[in-house]
Amino acid sequence: MHHGGDGGTVFAVGAFIIGGGLALGAGLSNVKYFSEAAAAAERVMEVIERVPNIDSDDMGGEVLGAVSGEVEFRSVAFAYPSRPDAFVFEDFNFRIPAGQTIALVGGSGSGKSTAIALLERFYDPLKGVILLDEVDVKRLQLKWLRSQIGPDRT
């Protein structure tokens, strides 16, 4: 009243202060969700900004004149980057002769899809080599290599 305010204004300000305090109090219970969202967003941004080791646009590398189709995994060790302590393969060896049809059989998580992903160089093994016709797949042009995998081209 000493500063020229009337009763209605004083009442309105008081009501707004009480309403704002109640809203702030109700909102404080959700602060933990904002901190969890910020932490999750940080992990998502790490994935988005990650630069892959294998450049799928790289046109360098060898192109074989003819492919017979022999595939060999020699002493391959592999763990996914997201789980570096959980090895999918340790000293994994197998050979598929050219012209043979095989089936990879095993339970969920046994490495069937991982073997194909390694052959197509979506990942590189931590140890060992993967060979196509006795040539390390790391030396081959990536787009060409992936174009060779699929139905019979004869």
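A79 sits across from F87 of β2, a pairing that gives us a way into the sheet. Strands here are DSSP E runs of at least two residues and helices are H or I runs of at least four, both numbered from the N terminus. A little further back from A79 we can pick up F78, whose bridge partner in β2 is F89. These contacts belong to the antiparallel match between β1 (residues 71–79) and β2, which is held by 6 bridges. Two strands are called paired once DSSP finds at least two bridges between them.

Before going on, a word about what you're looking at: the model is predicted, so to speak of a local feature takes pLDDT of at least 70 and a side-chain atom pair needs 80 or more, while totals for chains, interfaces and linings use all residues. Numbering runs from 1 along each chain as its sequence is written, and side-chain values use heavy atoms, with hydrogens and water left out.

Now turn to the other neighbour of β1. Strand β3 (residues 127–132) also pairs with β1 in the antiparallel sense, over 5 bridges, and R74 has V129 of β3 as its bridge partner. How much of β1 is buried? Of its 9 residues, 7 are, so the strand is largely enclosed by the rest of the structure. Buried means under 20% relative accessible area, exposed over 50%, and partly exposed in between, with a 1.4 Å probe and protein chains only.

Put the strands together and you get an open, antiparallel sheet of 4 strands in the order β2-β1-β3-β4. At its edges are β2 (87–96) and β4 (135–136), each of which pairs on one side only.

Stepping back to the whole chain, there are 4 helices to go with those 4 strands, and along the sequence they read α-α-β-β-α-β-β-α. The radius of gyration is 30 Å, well over the 15 Å that the globule rule gives for 154 residues, so the chain is more spread out than a compact globule. That radius is taken over C-alpha atoms, and the rule is 2.2 Å times the number of residues to the power 0.38. Along the principal axes, the C-alpha atoms fill a box of roughly 95 × 35 × 25 Å. Across the 154 residues, 22% count as buried.

What about contacts, meaning heavy atoms within 4.5 Å? Among those in the chain with a separation of 6 or more, 64% come from residues 24 or more positions apart.

Methods: Contact means heavy atoms within 4.5 Å.
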